[in-house]
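Welcome to a set of exercises on reading a protein model. Try each task yourself with the structure open, then follow the solution step by step.

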Amino acid sequence: MNKLTWGDSGLRNGADNIVLDSQQIIVTRTDHVPLLRFYENTQTVALGAYEDKNFAVRTAYCQTRSIPIIRRITGGGTSYLYPKQISWSLTLPAQRLSLEQWLDIICMAVCRGLYNSGYEDINFNSPNDIYAHGQKLGNVHVGMLDNILIANGTLYRSLDINTMLRALRVPKEKLTLAGIRTATCHFTTLPRLSDADLLQLKESLAQSIALSCNLPTLMQVPWVNNTSQTYVCNHNDLTENAHEITYSSFTITPGGILHGRIQLDANIRISSLHLTGNVYIRPHNLFRKIESVLRGAAEGEIMQRVDNLFYENQWELYRFTPQHIMVLLRRLFEQHRIAAKLSIAPSAASSFMIHDPDGTMDAFDIVATADAVLVPYCAKPTWCKWRHNDGCSQCGKCDVGQVYQIARQQGLQVTTVTNFEHLEITLKALKERGTKSYLGMCCNNFYIKREYAFRSANMPALLLDIAGANCYDLMQEQSAYSGEFSAESSIDLGVAEKVIKLARRESVQ
């Protein structure tokens, strides 16, 4: 393989840097030249290659702050980029290594480059985070486009935690002064560096990356400015893919969150499918291949078509399996059955979230064995004296009271969850009393971020997404977790009533 060529393209906007990444790939593929480019970004949110913007970013906040949203070529989660970060892109002809192996190799190379520059206590937390003294210093993302590996990396020279927490939906830290302080303690930065120090660090990183990739020599060259503003505009347009959505769902895997959107024709066959996720996959267009091969398929044909696709093609899914994709597809079809059985709109059916630790139960199995209903306090009126208490007077002035009445008529125990700690206590109590499954109501943001609490309880649940004033959209997560959220969410009472009435009725004690 040729020697590693590296340089620095300076400060540019995020879209320009994506164009330069694309140009790197072309040069590496055509001339077989490994390239390493250092640069900085203006304020930008960078989606992973396969992510859905609606699930990863607070779009309204970014629009009001004029923060552009772009899409990386590499997989993984969304990043918030801004000046005073050391960013870099590596492209090289790929050897026979997996994405996991490349992540390990490149992360270790970055750690070695930092260590050789005098930094201590450097390590990486799998899969892709660089740490110094136990605090996050940067990250690495990888992707594979045909036979070319591309890696993006970032090291922090300054922090903008305030904007990051507001622009991204992913971080678990809370949007309060205490939460921002907690998040700040989780991150660290490189010390103030002179121009000479920066150059020395970049040289050290380049040397280490070259050594790790079996490139014995390297050469520094000036980076030519040959981006096209017209092309940049087209790139931004292409990141906004429009898909007609009938049903949507997600599934949480060890490798990230998979999202699916599907439209069914009159014969209940797939007319369009869109798969996304904050994941790493290979080949780069694997999701598009799955979408193509499943077009026109009935539910009973999905497994064979997917099996054939994976059998006939080389592929890699990082820390998740084809079975996780099958679970997602089954859930999308299941939402159609929910809509048909309950006579509700597809959008209402898409508000259901199935939590099934063993992956063996469908929505109706869960409902049939449910003996409890959990409702969130934030759906109670702000004026209600019961809002922050477990219970309800059933005065008839809100939907929560109706839920209490309907559930009790079915012989189901109803609990108002007053904060996150109360949720954990309630789930533990249900498990100890022998509850087989339960019904619940919460927003999908809460479920995604706190899925571990539901998983640790080890009980199937059918959860109904709530609407209205969402603490995540209003950026008041910490208030919600502590039971102090002041806005009102809403429950689709018509849908909730239909589901609760499917629960197995028992005599009321």
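## Exercise 1: A small sheet

Three strands form an open sheet in the order 12-13-14, and their pairing is antiparallel. This is a predicted model, in which local features need pLDDT of at least 70, side-chain atom pairs count only at pLDDT 80 or more, and totals for chains, interfaces and linings use all residues. Residues are numbered from 1 along each chain as its sequence is written, and side-chain values use heavy atoms, with hydrogens and water left out.

**Task.** Find which strands stand at the edges of this sheet, and describe what surrounds them.

**Solution.**

Step 1. Start with the terms. Helices (H or I, at least four residues) and strands (E, at least two) are DSSP runs, numbered from the N terminus. Two strands pair if DSSP finds at least two bridges between them.

Step 2. Look for strands with a single partner. Strand 12 (247–253) and strand 14 (270–277) each have just one partner strand, so one side of each has no neighbour in the sheet. From one strand to the next, the twist averages 20°. Angles such as this run from 0 to 180 degrees between N-to-C directions, with axes being lines fitted to C-alpha atoms, for helices over the stretch in contact.

Step 3. Check the pairing. Strand 12 and strand 13 (residues 256–264) run antiparallel and are joined by seven bridges. Thr253 is placed opposite Gly256 in strand 13.

Step 4. Add the helix. Helix 11 (residues 322–342) lies across strand 12, strand 13 and strand 14, at about 145° to strand 12. Contact here means heavy atoms within 4.5 Å.

## Exercise 2: A sheet of eight strands

**Task.** Work out which strands stand at the edges of the eight-strand sheet, and which strands helix 1 lies across.

**Solution.**

Step 1. Write down the order: this open sheet runs 7-8-9-10-6-2-1-11, with mixed pairing. Strand 7 and strand 11 (218–220) are at the edges with a single partner strand each, so one side of each is left without a neighbour in the sheet. On average, neighbouring strands of this sheet are turned by 20° against each other, direction ignored.

Step 2. Recall a general point: strands of a sheet pair through backbone hydrogen bonds, either parallel or antiparallel.

Step 3. Take one pair. Strand 6 (residues 85–93) runs antiparallel to strand 10 (residues 148–156), and nine bridges join them. In this pair, Pro93 stands opposite Ile148 in strand 10.

Step 4. Place the helices. Helix 1 lies across strand 1 (4–12), strand 2 (35–41), strand 6, strand 9 (135–145) and strand 10, and runs at about 175° to strand 2. Helix 4 (residues 99–116) also packs on the sheet, where it touches strand 6, strand 7, strand 8, strand 9 and strand 10, and makes about 140° with strand 9.

## Exercise 3: Helix 1 from end to end

**Task.** Compare the expected span of helix 1 with the distance between its end C-alpha atoms.

**Solution.**

Step 1. The expected span is 1.5 Å times one less than the number of residues.

Step 2. Helix 1 (residues 14–31) has 18 residues and should span 26 Å, which agrees with the 26 Å between its end C-alpha atoms.

Step 3. Look at the ends. Asn13 caps the N-terminal end, with a side-chain oxygen 3.1 Å from the backbone nitrogen of Ala15. A polar contact is a pair of N or O atoms within 3.5 Å; within protein, one must be able to donate a hydrogen and the other to accept it, and residues adjacent in sequence count only if both atoms are side-chain atoms. After helix 1 comes His32, with a positive phi near 60°.

Step 4. The buried residues of helix 1 include Ala15, Ile18, Leu20 and Ile25. Buried means under 20% relative accessible area, exposed over 50%, and partly exposed in between (1.4 Å probe, protein chains only).

## Exercise 4: Phe287 and a nearby loop

**Task.** Is Phe287 buried or exposed?

**Solution.**

Step 1. Phe287 is located in helix 9, and its relative accessibility of 2% makes it buried.

Step 2. Beyond its neighbours within four places in sequence, Phe287 is in contact with residues including Tyr50, Leu258 and Ile281.

Step 3. In the loop between strand 15 (281–282) and helix 9 (286–294) sits Pro283. The peptide bond joining Arg282 and Pro283 is cis, with omega about 5°.
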